[in-house]
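Work through these exercises with the structure open beside you. Each task is followed by a solution in steps.

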Amino acid sequence: MSDKITVAGVAVDTRHWIGGRRGASGDTVNHNYPKDGTALGEIARGGPAEAAAAVAAAKAAFPAWAATPRAERARILHAIADGVEKRIEELAIVETTDNGALLRSHRRGVMPRVAHNFRFFADWLLQLGHEDFETRGHSNHVSWDPAGPCVLITPWNAPLMLATWKVAPALAAGDTVVLKPAEWSPLTASLLADIAAEAGLPAGVLNVVQGYGAEIGDALTSHPDVRRISFTGSVPTAKRIAESAAVNLTPLSLELGGKSPLLVFADADLDLAVDLAVEQYDNAGQVCLAATRFLVEESIAEEFTHRFVEKAATLTQGDPRDEATDIGPNIHPRQLDKIDGFVQRAVAAGARAVIGGHRKDGQYYAPTLLTDVAQDSEIVQEEVFGPVLTLQTFATEEEAVRLANDTRFGLAATLATGDRARSERVTAQLVAGTVWVNCFFVRDLQAPFGGSRLSGVGREGGTWSFDFYCDLKNTVTAPKGWKDHG
């Protein structure tokens, strides 16, 4: 196999990055462009041997990196951010080619956020306090000690942004990292390894390995030298990771799926509510936080639906590299089959497709809105991860809350209302890690992020990230017993 894939003139090394060196595997994974399935090349396919080598490299690099002063760690993280900013255009086109998300979004939002991830956690590290307090005359000193090698497993829908959301705080905390990107979107993680090395990150502090979860992922998550595992992805995979990690009692942070509601009350700004609703088609519906279940008050349901259909009709679906495109392709034929299966089963069970409900040429699925769906139906209860939304109505505030909470998930919720008191009542009752009121997808890195129920375990962001990636220690010192050594 060739050691590199060239994307729009950008050469991407397809081998693993372990201990500061590139290394191939005996086997490879075929890699294709989501827009039309065009072959891009072959990616190294790792297994237990590569997992063991990467963890060994991270373990060997840990003592020196953990002992590196905070200011120096922060300096290197800022240097990585500088490297990202210099290569935003390259990273954007590679990621668009890798996973089919919009090039304009990568240029303007996603890649700048990647750089911000490193800057934010570098700065947060320097202000992270050591709170001292007294207990009956004894002093207490709380500190955050680096935990050790971390395994970070990331999804394909926002590959580099979600990878660096984990890598940046782990490195800031003084941990070393083995990053395994999703096999469908590994290219920008490889470029990140290059950028980090150029920024002066010592060998072995960041390692990047590629391959299938069942082959290399299991070997990573069950390794006894791994001290933290952070995973973003599906519930079934999270259960396997938890079983694997349990052997060594390795602490976990899991950000999983969602089936989030958008509650629209009759007192809402209807134009705003429709805008929020259409926004849920972002990234071809491949967003874990998407509010895929519309819950609309009965008295405005007809008007809301009419305006939604009109607004959705203005969206352009096509080549993700085109500035005019609003919705790109879905990432893989298997994902497209999964999406269509959900829709066809729902229609067979009595759902009505107000718009969409079918495949289009290539790896595209028509933006879909389904009505006449039962609360206990599969399409309402299970995550589709495609451009498929449902609409149900409610008569009372109590019914709206009941329907919103009636799934196994609890990642996020969005609320549209013009009544401040109602927003406070409803948000207090919603089961969700994040609630947006009259807005969507406003994220601050200092806020806690994670899900309730099957949407996850733990919280990351700000100090919560350091709580996870560190071993917290309290040192209690007595006021007496000291000898004067003069």
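Two strands count as paired if DSSP finds at least two bridges between them. The model used here is predicted.

**Exercise 1. Find the strand partners of β18, and say which residue T368 stands opposite.**

Solution.
- Step 1. Locate the strand. β18 covers residues 388-394.
- Step 2. Take β17, residues 368-371. Three bridges join β17 to β18, and the two run parallel. The cut-off is at least two bridges, so β17 and β18 pair.
- Step 3. Name the contact. T368 stands opposite V388 in β18.
- Step 4. Take β15, residues 291-297. Five bridges join β15 to β18, again in parallel. F294 of β15 has L391 as its bridge partner in β18.
- Step 5. Check burial. Six of the seven residues of β18 are buried, so the strand is largely enclosed by the rest of the structure.

**Exercise 2. Is β20 enclosed or open, and which residues cover each of its faces?**

Solution.
- Step 1. Count buried residues. β20 spans residues 412-416, and five of the five are buried. The strand is therefore largely enclosed by the rest of the structure.
- Step 2. Recall the rule. In a regular strand, side chains alternate between the two faces of the sheet.
- Step 3. Sort the residues by side. A412, T414 and A416 lie on one side. A413 and L415 lie on the other. All are buried, and both faces are covered.

**Exercise 3. Trace the bridges through T414, then follow the chain from β20 to β21.**

Solution.
- Step 1. Start with β14, residues 260-264. β14 pairs with β20 in the parallel sense over three bridges. L262 has T414 as its bridge partner in β20.
- Step 2. Move to β21, residues 434-437. Four bridges join β20 to β21, and these strands run parallel. In β21, T414 has W436 as its bridge partner.
- Step 3. Follow the chain. From β20 it passes through helix α14, residues 420-429, to β21. This β-α-β crossover is right-handed.

**Exercise 4. Classify the ring pair F120 and W124, then the pair W436 and F441.**

Solution.
- Step 1. Note the scope. The whole structure holds 16 aromatic pairs.
- Step 2. Take F120 and W124. The centres are 5.2 Å apart and the planes differ by 25°. Planes under 30 degrees apart count as stacked, so F120 and W124 are a stacked pair.
- Step 3. Place the pair in the chain. F120 and W124 are four residues apart in helix α4, residues 103-127, so about one helical turn separates them.
- Step 4. Check burial. F120 is buried at 12% relative accessible area. W124 is buried at 15%.
- Step 5. Take W436 and F441. Their ring centres are 6.4 Å apart and their planes stand at 50°, so this pair is tilted.
- Step 6. Check burial again. W436 is buried at 3%. F441 is partly exposed at 36%.

**Exercise 5. Which residues form an aromatic cluster with F120 and W124, and over which rings does R443 sit?**

Solution.
- Step 1. List the cluster. F120, F121, W124, W165, F449 and F466 form one aromatic cluster.
- Step 2. Find the charge over W165. The charged end of R443 sits over that ring, 5.4 Å from its centre.
- Step 3. Look at F449. R443 lies over its face, 4.0 Å from the ring centre.

**Exercise 6. Where does helix α1 bend, and what is its span?**

Solution.
- Step 1. Get the span. α1 runs over residues 48-67, with 20 residues. From first C-alpha to last it reaches 29 Å, close to the 28 Å expected at 1.5 Å a residue.
- Step 2. Locate the bend. α1 bends by about 40° at A61. A proline, P63, follows within four residues.
- Step 3. Check burial. The buried residues of α1 include A61, F62 and W65.

**Exercise 7. D372 and F385 have positive phi: which is buried and which is exposed?**

Solution.
- Step 1. Take D372. Its phi is about 55°, although D372 is not a glycine. D372 lies in the loop between β17 and α12.
- Step 2. Check D372 for burial. At 53% relative accessibility, D372 counts as exposed.
- Step 3. Take F385. Its phi is near 60°. F385 is found in the loop between α12 and β18.
- Step 4. Check F385 for burial. F385 is buried, with a relative accessible area of 14%.

Terms used: Residues numbered from 1 in each chain as written. Predicted model: local features only at pLDDT ≥ 70, side-chain atom pairs only at ≥ 80, totals over all residues. Heavy atoms only, no water. Phe/Tyr/Trp six-rings, centres within 6.5 Å; stacked < 30°, edge-to-face > 60°. Buried < 20%, exposed > 50% of the residue type's maximum accessible area, 1.4 Å probe, protein only. Lys NZ or Arg CZ within 6 Å of the ring centre and 35° of its normal. Right-handed = clockwise from strand over helix to strand, strands pointing away. Expected span 1.5 Å × (residues − 1). Bend = angle between axes of the 7 residues up to and from the residue.
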